[in-house]
Amino acid sequence: NNLVLENGSYEFTRGDAHKLAKCEVQLPIKGSYVQTRQFLANVLQEMPNLALSAITIQRQKIGDETIDAQIKLTLYYQEA
């Protein structure tokens, strides 16, 4: 989606008694609001075990096309 991702981070948590594990991913991105929405729509549709946990959007000036977004996604999966 032509977004800028300078760095990202993740945290893995092992499963509990039901072996459900998760990986939390933090993505600080830059791009337009439309690009950000398209990215989220695409990734959530393609990965049904992914959840949008948090999002913060900031724009420096009212007329700016570019936004800074902090996106937190959580990937859930069952361990074998």
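**Close-up views of a predicted model**

**View 1. The largest nonpolar core of the predicted model.** Eight residues make up this core: Leu27, Ile29, Leu40, Val43, Leu50, Ala69, Ile71 and Leu73. At least two of them come from each of strand S3 (20–32), helix H1 and strand S5 (66–78). Strand S5 gives the most, with three residues.

**View 2. Leu40 and its contacts.** Leu40 is one of the residues of the largest nonpolar core. Apart from neighbours within four places in sequence, Leu40 is in contact with Leu52, Ile55, Ile71 and Leu73. Of these partners, Ile71 and Leu73 also belong to the core, whereas Leu52 and Ile55 belong to a nonpolar patch on the surface.

**View 3. Thr36 in helix H1.** Thr36 has a relative accessible area of 2% and is therefore buried, the cut-off for this class being under 20%. A polar atom of the Thr36 side chain lies 2.9 Å from the backbone oxygen of Ser32. When residues up to four places away in sequence are not counted, Thr36 touches Leu3, Ile29, Ile67, Ala69 and Ile71. Among these, Ile29, Ala69 and Ile71 are members of the largest nonpolar core.

**View 4. A nonpolar patch on the surface.** The patch is formed by Tyr33, Val34, Leu44, Leu52, Ile55 and Ile57, which together have about 480 Å² of accessible area. Helix H1 (33–46) and strand S4 (50–58) are the elements that give two or more residues to the patch.

**View 5. Ile55 in strand S4.** Ile55 counts as partly exposed because its relative accessibility is 35%, and the class lies between the limits of 20% and 50%. Ile55 is one of the residues of the surface patch and is also in contact with Leu40.

Notes: Residues are numbered from 1 along each chain as its sequence is written. This is a predicted model: local features need pLDDT of at least 70, side-chain atom pairs count only at pLDDT 80 or more; totals for chains, interfaces and linings use all residues. Side-chain values use heavy atoms; hydrogens and water are left out. Patches are made of residues with over 30% relative accessible area and no salt bridge: like charges are joined within 9 Å, nonpolar side chains (Val, Leu, Ile, Met, Phe, Trp, Tyr) within 5 Å. Accessible areas come from the Shrake-Rupley method with a 1.4 Å probe; for residues, only the protein chains shown count as cover. A salt bridge is a side-chain nitrogen of Lys or Arg within 4 Å of a carboxyl oxygen of Asp or Glu. Helices (H or I, at least four residues) and strands (E, at least two) are DSSP runs, numbered from the N terminus. Buried means under 20% relative accessible area, exposed over 50%, partly exposed in between (1.4 Å probe, protein chains only). A nonpolar core is a set of buried Ala, Val, Leu, Ile, Met, Phe, Trp, Tyr and Cys residues joined through side-chain atoms within 4.5 Å. Contact means heavy atoms within 4.5 Å. A polar contact is a pair of N or O atoms within 3.5 Å; within protein, one must be able to donate a hydrogen and the other to accept it, and residues adjacent in sequence count only if both atoms are side-chain atoms.
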